[in-house]
Amino acid sequence: MSARIRYTDERLGRLKVVRDFLPPPEELVFRDEGVKVTIALSRRSVEFFKGEARKHNTQYQRMIRRLLDAYAEHHTRRPAARSARMRAGAERTG
């Protein structure tokens, strides 16, 4: 049998509140509406995703879809930052 845990009243030190990063349950239930597309990918990319999918016991198409979704989510969340970068780039070239 394992040893008993003994709790003490020691000081915990400096604590940090972590923002809740988990999606709410309603986002876990429904799937986004899928749209079928035809796309030509490089052999290198497809082989990479197939290999990674085998390692993680999943589908390579699902990995590609999640990567594209994450990219789109990241870039639709920050339109102000992106436009500021674009303006700064235009000032340097113009």
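This note sets out the main features of a predicted model, point by point.

1. Overall fold. The protein contains four helices and zero strands. Followed along the sequence, these elements give the pattern α-α-α-α. Two of the helices recur in the points below: helix 1, covering 25–29, and helix 2, covering 43–55.

2. Burial and surface. The protein has 94 residues, and 6% of them count as buried. Its exposed area is about 10,400 Å², of which carbon and sulfur atoms supply 54%. Two of the residues discussed below, Phe49 and Glu52, are buried.

3. Nonpolar surface patch. Four residues, Val35, Val37, Ile39 and Leu41, make up a nonpolar patch on the surface. Together they have about 430 Å² of accessible area. Val37 is located in the loop that lies between helix 1 and helix 2. The relative accessible area of Val37 is 66%, so this residue is classed as exposed, the cut-off for that class being over 50%.

4. Aromatic pair. One aromatic pair is found when the whole structure is searched. The partners are Phe48 and Phe49, whose ring centres are 5.2 Å apart. Their planes stand at 80 degrees, and the pair is therefore edge-to-face, since an angle over 60 degrees places a pair in that class. In general, a pair of aromatic rings is described by the distance of the centres and the angle of the planes.

5. Exposure of the two rings. Phe48 has a relative accessibility of 48% and so counts as partly exposed. Phe49, by contrast, has a relative accessible area of 15% and is therefore buried, because the limit for burial is under 20%.

6. Salt bridge. How many salt bridges does the structure contain? The count comes to one. Glu52 and Lys55 are the partners, and their closest N and O atoms lie 2.9 Å apart; the criterion requires these atoms to be within 4 Å. Both residues belong to helix 2, where they are three residues apart, about one turn of the helix. As a general matter, side chains of opposite charge can pair when their charged atoms come close.

7. Exposure of the salt-bridge partners. Is Glu52 buried or exposed? With a relative accessible area of 18%, Glu52 is buried. Lys55 reaches 62% relative accessibility and so counts as exposed. The salt bridge of Glu52 with Lys55 thus joins a buried residue to an exposed one.

Note on methods
Residues are numbered from 1 along each chain as its sequence is written. This is a predicted model: local features need pLDDT of at least 70, side-chain atom pairs count only at pLDDT 80 or more; totals for chains, interfaces and linings use all residues. Side-chain values use heavy atoms; hydrogens and water are left out. Patches are made of residues with over 30% relative accessible area and no salt bridge: like charges are joined within 9 Å, nonpolar side chains (Val, Leu, Ile, Met, Phe, Trp, Tyr) within 5 Å. Accessible areas come from the Shrake-Rupley method with a 1.4 Å probe; for residues, only the protein chains shown count as cover. A salt bridge is a side-chain nitrogen of Lys or Arg within 4 Å of a carboxyl oxygen of Asp or Glu. Buried means under 20% relative accessible area, exposed over 50%, partly exposed in between (1.4 Å probe, protein chains only). Rings of Phe, Tyr and Trp (its six-membered ring) pair if their centres lie within 6.5 Å; planes under 30 degrees apart count as stacked, over 60 as edge-to-face and the rest as tilted.
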